[in-house]
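Me: I'm new to this structure and would like a close look at one part of it. Could you take me through the chain that comes up under the letter A, and then show me what lies around it?

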2 protein chains.
Amino acid sequence: MLQDIRASNISNLNSLHRRGKVLFSEGEPARGIYILRTGRASVSITSSEGKVVILRMAEAGDVLGLNSVLRGCSYDATVKTLDPCRTDFIARSEVIDLLETQAGAKAMLALLSGELSELNNRTRSLLLPQTASGRLAKLLLDWSQQNGSNTSSGEPIDKAFTHEEIAQMICSSRETVTRLLASMSRRQIIQVNSGNILIRDREALEAVAVS
Amino acid sequence: MLQDIRASNISNLNSLHRRGKVLFSEGEPARGIYILRTGRASVSITSSEGKVVILRMAEAGDVLGLNSVLRGCSYDATVKTLDPCRTDFIARSEVIDLLETQAGAKAMLALLSGELSELNNRTRSLLLPQTASGRLAKLLLDWSQQNGSNTSSGEPIDKAFTHEEIAQMICSSRETVTRLLASMSRRQIIQVNSGNILIRDREALEAVAVS
DNA sequence: TATAACGTGTGACGTTCGTCACATCTAAAA
DNA sequence: TTTTAGATGTGACGAACGTCACACGTTATA
């Protein structure tokens, strides 16, 4: 696997980044790939007027920028750390070399395949629900599935994001997120604690998600 | 290249389809890939309530369903022909065999890479503009770029889609598309003829696209 | 030619939600 | 502790647009 690069003889650059560091921005020539070792990072796109949409949250083990590097073009998204992060970096030329090995090519195929599936899911979650409440409900359900994958609705979601960040994930505004979370709380569908969210009525949340 | 499969010894199934035929639907187990030889087809996703979003228009040479086949899961989109179409079909088992060859793996890598880039672009076009007019303007500009890639704005766009189809491409409603096209016509930005659209004022259209 | 079936044009209306404005609350820095 | 920056809560307002309803045009199919 490409992520196990430390075991190989590829020269990689290990770095530590503070919270909020931009690893690379949309439009910069793709100089190489980053492998996230610890911490989380957001993968987002930005419009010329500054609107931001977060496409996915990267976690430890994720490879960032691979497709842009393979295509030899500019990065097609911006990656910003949400926590202090440790990363490995592999320069473009070495990635291209890896492409010639059977194992390397297959590893990259698996990575791109995974990225494609994930982007497909995100696209579906963002484009199909017509309302902001639908997108928010879907996001919460996705989170609860990733978290403890128990069917029991007892597990709280410990994703600690600001309303602003959530808004960017569901293509909405900060105020709308505040209002929707408050409304769902009032209706006993969820319970918002400091630092986590608990789903109290999964049926109701699923009903909102399809609206 | 995978698309040149006719030259190889892979057993492929060549078929003719009428306009409107569904090659495969979201959720069906991925039995194999389709290679579009002639005609166009829409790649779309559907919500449980019937809302349809067209993610891309496939054209001759495009390979459909590859990622789902590689992952061994269900198709993640629905493909419907817009014209009478001729297709080749390659069963999953043969695709998996191809994966073991260096050339096959690299060809698939290139295909997935292209798909990922395209989906990224579509995502950007659909999620970043906050208004329907912005998304429509962006769609028209994309079309004019694909068409005659001349910078001269004289080339008409000969895509013949119904307002309903355009609405599904820009996540809007049929009525809104009708109204927006009429409005842009009135403002001398475009000229709508039967079967094609001419961009008369590219500057203005670009201004609408970023709004 | 008749008659659907489908695409298009347009008015009226209400909901959703983005935006502005400001208050309050929390937590980090000084 | 005080200060300050960021996060959250909430009201008011209006633009955008989805939906319903129906008229009109234009191809196909009988």
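Reply: Let's begin with how chain A holds together in this predicted model. Among the contacts in chain A with a separation of 6 or more, 70% are between residues 24 or more positions apart.

A good example is A:Ile54, which sits in strand β5 (residues 52-58) of chain A. The C-alpha atoms of A:Ile54 and A:Glu165 are separated by 7.9 Å, although the two residues are 111 residues apart along the chain. If you set aside the neighbours within four places in sequence, A:Ile54 is in contact with A:Ser42, A:Ser44, A:Glu165, A:Gln168 and A:Met169. Is A:Ile54 buried or exposed? A:Ile54 counts as buried because it has 22 C-beta neighbours inside 10 Å, and the cut-off for that label is 20 or more.

Now step back to the whole of chain A. Chain A has 7 helices and 11 strands. Its radius of gyration is 19 Å, close to the 17 Å that the globule rule gives for 211 residues, so chain A is as compact as a globular protein of that length. Along the principal axes, the C-alpha atoms of chain A fill a box of roughly 55 × 40 × 30 Å. As for burial, 36% of the 211 residues of chain A count as buried.

Next, the strands. Four of them, or 4 strands in the order β1-β8-β3-β6, form an open sheet in chain A, and the pairing is antiparallel. At the edges you'll find β1 (13-17) and β6 (63-64) of chain A, each pairing on one side only. Follow β1(A) and you can see how it meets strand β8 (residues 85-91) of chain A: they pair in the antiparallel sense over 5 bridges. One spot to look for is A:Asn14, which stands opposite A:Asp88 in β8(A).

You can look at strand pairing in chain B as well. There, 6 bridges join strand β3 (residues 32-38) to strand β8 (residues 85-91), and these two strands of chain B run antiparallel. B:Thr38 stands opposite B:Arg86 in β8(B). β3(B) is also joined by 2 bridges to strand β6 (residues 63-64) of chain B, again running antiparallel. In that pairing, B:Tyr34 stands opposite B:Leu64 in β6(B).

How do the two chains relate? Chain B can be laid on chain A with an RMSD of 0.1 Å, using a turn of 180° and a shift of 0.0 Å along the axis. That is the relation of a two-fold axis. The same surface serves both copies, as 100% of the contact residues of chain B recur in chain A.

So what does that meeting surface consist of? There are 31 residues of chain B in contact with 31 residues of chain A. On the side of chain B that touches chain A, the elements giving two or more residues are β5 (52-58), α1 (66-71) and α3 (102-127) of chain B. The largest share comes from α3(B), with 16 residues. Sorted by class, this side of chain B has 15 nonpolar, 9 polar and 7 charged residues.

Here's a small backbone detail to look for in each chain. Phi of A:Cys171 is near 55°, a positive value in a residue other than glycine. You'll find A:Cys171 in the loop between α5 (163-169) and α6 (174-186) of chain A. A:Cys171 is partly exposed, with 18 other C-beta atoms within 10 Å. Over in chain B, B:Cys171 has a positive phi of about 55° although it is not a glycine. B:Cys171 lies in the loop between α5 (163-169) and α6 (174-186) of chain B, and it is partly exposed, with 18 other C-beta atoms within 10 Å.

Finally, the DNA. Which residues are the closest to DNA strand D? Of the 17 residues that surround DNA strand D, the closest are A:Thr162, B:Thr131, B:Ala132, B:Ser173 and B:Thr176. The elements giving two or more residues to the surface near DNA strand D are α5 and α6 of chain A, together with α4 (132-146) and α6 of chain B. Here α6(A) provides the largest share, 6 residues. By class, the surface near DNA strand D has 3 nonpolar, 9 polar and 5 charged residues.

Note on methods
Residues numbered from 1 in each chain as written. Chains lettered and ligands numbered in written order. Predicted model: local features only at pLDDT ≥ 70, side-chain atom pairs only at ≥ 80, totals over all residues. Least-squares fit on C-alpha atoms with pLDDT ≥ 70 in both. Contact = placed C-beta atoms within 7 Å. Nonpolar A, V, L, I, M, F, W, Y, C, P; charged D, E, K, R; others polar. Pairing = 2+ DSSP bridges. Buried ≥ 20, exposed ≤ 12 C-beta atoms within 10 Å, placed from the backbone. Near = placed C-beta within 6 Å. Rg over C-alpha atoms; globule rule 2.2 N^0.38 Å.
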